[in-house]
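This briefing goes through one structure by topic. Please keep the sequence and the 3D view open while reading.

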Amino acid sequence: MSARVERLHFSGLGASRWQQLASRQLSLSPGLCGSESPLARADAIFKVTMIPGDGVGPELMTAVKDVFKAGDIPVEFEEFHLSEVQHMASEDKLDHVLSSMKNNKVAIKGKIHTPMEYKGELASYEMKLRRKLDLFANVVHVNSLPGYSTRHNNLDLVIIREQTEGEYSSLEHESVPGVIECLKIITRDKSRRIAKFAFDYATKKGRSKVTAVHKANIMKLADGLFLQSCAEVAQLYPKIKYENIIIDNCCMQLVQNPYQFDVLVMPNLYGNIIDNLAAGLVGGAGVVPGESYSAEYAVFETGARHPFAQAVGRNIANPTAMLLSSANMLKHLNLEYHSQMISDAVKRVIKQGKVRTGDLGGYAMCDEFTRAVIANLSV
């Protein structure tokens, strides 16, 4: 991962001040230097943009806010409600969100549901947000949860998806009545950029293999360019094994033997499909966290983007994915102590098996699960 993506963003702090905070936490973090000293706690408040989104998004954000309050997390949320289906979306609202994001550099968001009806504009607000912030890389770490058994246990793979072009370029038109043309855009620059991101990520995280997912046997020019770009970048990383696989075969292999994969990199649509398929391998949309990066900004969200609209108001959503995403957000802010505290609490509740939501075979309500996590915080 590039240094620019990984750099810390501290709102309202001078350079020397945040360097002091960073060095203080790094020097005390056992995960980074092997020291047995307790992880450092922050002494500054970090501003984060919050976009609850649609469906169960607001309920999941309530869980995050409750856990952060109980854990005395030094984060202040700037909350914005942006929704196409709830008639709370406009260019003016989007500008306010973008302004907040540009100031804070970090956001946590729920799924902004995109209606299927065509109302004169092709690009959804979800896509507008990604493009205006150039959130080109989506990362979903698919990891089995200790204590929750599935067909494939001990899974640990990463899906990296380019999410600013491809089939989601919003370039459709009716050439003649009854004939729609939909343009898929693949560029060398963005293909090389996401490939480099994937290899940098593999290098930084100690991963051994990157697999490019494509359909170049059919889309010889578009996916062919993506595949060529990945192969060219792979030559710059001789210590990382490189392979490629056709998307349909990849789906089958993930179901049959997902252990053969380590880091997968792919264009937009394939990533959208594989994210959800892989999430299903470890428990579903409610348990897998995700994040999106540009050179300047980081947005934390659930890995499988599903509004779960049928659960709205029923208090049955699983907040695991959003809580783990919030823990990843804290790690990005260099709040290692608080990140680990939340992550450990969530995993402890699931491992104990006494409090589980319906999607994991239990009977607990969303707020019950949240209270169990709070009870397991080591403050």
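In this predicted model, Q253 touches I245, P258, Q260 and F261, leaving aside residues up to four places away in sequence. Q253 is part of helix α9, residues 247-256. Its relative accessibility is 18%, and because the cut-off for buried is under 20%, Q253 counts as buried.

**Confidence**
- The average pLDDT of the chain is 86, and 84% of the residues reach at least 70.
- Residues 1-38 have pLDDT below 50, and this stretch makes 66 contacts in the model beyond near neighbours in sequence.

**Strand β8 and its partner**
- Strand β8 spans residues 209-214, and 6 of its 6 residues are buried, so the strand is largely enclosed by the rest of the structure.
- In a regular strand, side chains alternate between the two faces of the sheet.
- From β8, K209, T211 and V213 point one way, while V210, A212 and H214 point the other way.
- Both sets of β8 residues are buried.
- Strand β9 (residues 241-246) runs parallel to β8 and is joined to it by 6 bridges.
- Within this pairing, K209 stands opposite K241 of β9.

**Strand β12 and its partners**
- Strand β12 covers residues 298-302; 5 of the 5 are buried, so β12 is largely enclosed by the rest of the structure.
- Strand β3 (residues 106-109) runs parallel to β12, with 3 bridges between them.
- I108 has F300 in β12 as its bridge partner.
- Strand β11 (residues 289-293) pairs with β12 in the antiparallel sense, over 5 bridges.
- Y293 has A298 in β12 as its bridge partner.
- The connection from β11 to β12 is a hairpin of 4 residues.

**Salt bridges**
- Side chains of opposite charge can pair when their charged atoms come close.
- The structure contains 19 salt bridges.
- One of them joins the side chains of E78 and K47, at 3.9 Å from N to O.
- E78 belongs to strand β2 (residues 75-79) and K47 to strand β1 (residues 46-51), so this pair ties together parts that are 31 residues apart in sequence.
- E78 is partly exposed at 22% relative accessibility, and K47 is partly exposed at 33%.
- The side chains of K105 and E296 also meet in a salt bridge, at 3.6 Å from N to O.
- K105 sits in the loop between α5 (91-104) and β3, and E296 in the loop between β11 and β12, so the pair ties together parts that are 191 residues apart in sequence.
- E296 is partly exposed, with a relative accessible area of 31%.
- E126 and K111 form a salt bridge in which the closest N and O atoms are 3.7 Å apart.
- E126 lies in helix α6 (residues 125-133) and K111 in the loop between β3 and α6, 15 residues apart.
- E126 counts as buried at 3% relative accessibility, and K111 counts as buried at 19%.
- K109, K111, E126 and E301 are joined into one network by salt bridges that share partners.

**Nonpolar surface patch**
- L171, L183 and I185 form a nonpolar patch on the surface, and together they have about 220 Å² of accessible area.
- L171 is located in the loop between β5 (156-162) and β6 (172-176).
- With a relative accessible area of 39%, L171 is partly exposed.

Conventions: Residues are numbered from 1 along each chain as its sequence is written. This is a predicted model: local features need pLDDT of at least 70, side-chain atom pairs count only at pLDDT 80 or more; totals for chains, interfaces and linings use all residues. Side-chain values use heavy atoms; hydrogens and water are left out. Buried means under 20% relative accessible area, exposed over 50%, partly exposed in between (1.4 Å probe, protein chains only). Helices (H or I, at least four residues) and strands (E, at least two) are DSSP runs, numbered from the N terminus. Two strands pair if DSSP finds at least two bridges between them. pLDDT is the predictor's confidence in each residue, from 0 to 100. Contact means heavy atoms within 4.5 Å. Patches are made of residues with over 30% relative accessible area and no salt bridge: like charges are joined within 9 Å, nonpolar side chains (Val, Leu, Ile, Met, Phe, Trp, Tyr) within 5 Å. Accessible areas come from the Shrake-Rupley method with a 1.4 Å probe; for residues, only the protein chains shown count as cover. A salt bridge is a side-chain nitrogen of Lys or Arg within 4 Å of a carboxyl oxygen of Asp or Glu.
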